[in-house]
Amino acid sequence: MVKTVRLEPIAQETSIETNGNLLSVLIAKDLDVLRECGGRGMCATCHVFVQQGMEALTPVNRREQRTLEVITSCQLNSRLACQARVLANGVVVELPPGMYINSIQDIEALVGRRAEQNLLHPVTGQVLVEEGKLITRSMLKQIEKATSFNFNDFFLNSSDI
Ligand code: FES
């Protein structure tokens, strides 16, 4: 059986097999999902807000719960698309605004330019550079000092890794 999912960022509806992975819907529609952890439920890059139909998705598992607790922009309707499977019709999802970067080098490449959108940390979803801000070397140093891009720093004691 096929289920319908609506993707708010592009105002489109799409179909997926029952029990299909929500992430596959986003990818099929060419939405920019970094998948930093390879779909293992360990990063923020497939974080979505479920505007409607939370009950039509599989429940949050332990791995997902643990990651959601680290994501700074997490809300009650947050899910990780790679961990959520679609069981019924009526799911409407929205992506958090901004662009995930996966290393400090990604920001370094933008020094001297203004951020076209919020630059987000790949694990915590934290806004590292706000939209419109000029990216400078000193800003880069601050981010480097305050933020790690190492997954193990965030999930050090997890038994699920
Ligand atoms: S791709 Fe990393 S949590 Fe989904």
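Me: Which domains does the domain assignment of the protein chain give?
Reply: The model is a predicted one. The assignment splits the protein chain in two. The bounds are 2-94 for domain 1 and 99-148 for domain 2.

Me: What distance separates the centres of domain 1 and domain 2?
Reply: The centres are taken over C-alpha atoms. On that basis, the separation of domain 1 and domain 2 is 25 Å.

Me: How do the residues on the side of domain 1 that touches domain 2 divide into nonpolar, polar and charged?
Reply: Ten residues of domain 1 are in contact with eight residues of domain 2. On the domain 1 side, one residue is charged and four are polar. The nonpolar ones number five.

Me: Does the radius of gyration of the protein chain agree with a compact globule, or what value does the chain have?
Reply: The C-alpha trace spans about 55 × 40 × 25 Å along its principal axes. A compact globule of 161 residues would have a radius of gyration near 15 Å. The protein chain agrees with that, at 16 Å.

Me: What share of contacts between residues at least 6 apart in sequence joins residues at least 24 apart?
Reply: The protein chain holds five helices and ten strands. Of its 161 residues, 27% count as buried. Among the contacts in question, the share joining residues at least 24 apart is 59%.

Me: Is asparagine 19 buried or exposed?
Reply: Asparagine 19 lies in the loop between strand E2 (12-17) and strand E3 (20-21). Its phi is positive, about 75 degrees, although it is not a glycine. The cut-off for exposed is 12 or fewer C-beta neighbours within 10 Å. Asparagine 19 has 11, so it counts as exposed.

Me: Where is arginine 35, which has a positive phi although it is not a glycine?
Reply: The phi of arginine 35 is about 55 degrees. Because 18 other C-beta atoms lie within 10 Å, arginine 35 is partly exposed. Its place is the loop between helix H1 (22-28) and strand E4 (47-52).

Me: Which strands are the edge strands of the open sheet E8-E9-E10?
Reply: Three strands form this sheet, with mixed pairing. An edge strand here pairs on one side only. That applies to strand E8 (99-100) and strand E10 (127-129).

Me: Which residue in E10 is the bridge partner of leucine 119?
Reply: Strands of a sheet pair through backbone hydrogen bonds. Strand E9 (residues 119-120) and E10 pair in the antiparallel sense, over two bridges. The partner of leucine 119 is valine 129.

Me: Which element gives the most residues to the largest nonpolar core?
Reply: This core has 17 residues, and Leu22, Ala81 and Val93 have the most contacts inside it. Strand E1 (2-7), H1, E4 and strand E7 (91-94) each give two or more residues. With four residues, the top contributor is H1.

Me: Which residues is valine 93 in contact with, leaving aside neighbours within four places in sequence?
Reply: Valine 93 is among the residues with the most contacts inside the largest core. Its partners include Glu8, Leu22 and Gln51. The others are Val5, Leu7, Val48, Phe49 and Val50.

Me: How many residues does the second, separate core have?
Reply: In soluble globular proteins, nonpolar side chains tend to be buried together. The second core includes Cys43, Ala44, Val123 and Ile143. Its residue count is twelve.

Technical notes: Residues are numbered from 1 along each chain as its sequence is written. This is a predicted model: local features need pLDDT of at least 70, side-chain atom pairs count only at pLDDT 80 or more; totals for chains, interfaces and linings use all residues. Domain bounds come from an automatic or database domain assignment. Two residues are in contact if their C-beta atoms, placed from the backbone, lie within 7 Å. Ala, Val, Leu, Ile, Met, Phe, Trp, Tyr, Cys and Pro count as nonpolar, Asp, Glu, Lys and Arg as charged, and the others, Gly among them, as polar. The radius of gyration is taken over C-alpha atoms; the globule rule is 2.2 Å times the number of residues to the power 0.38. A residue is buried if 20 or more other C-beta atoms lie within 10 Å of its own, exposed if 12 or fewer, and partly exposed in between; C-beta atoms are placed from the backbone. Two strands pair if DSSP finds at least two bridges between them. A nonpolar core is a set of buried Ala, Val, Leu, Ile, Met, Phe, Trp, Tyr and Cys residues joined through C-beta atoms within 7 Å.
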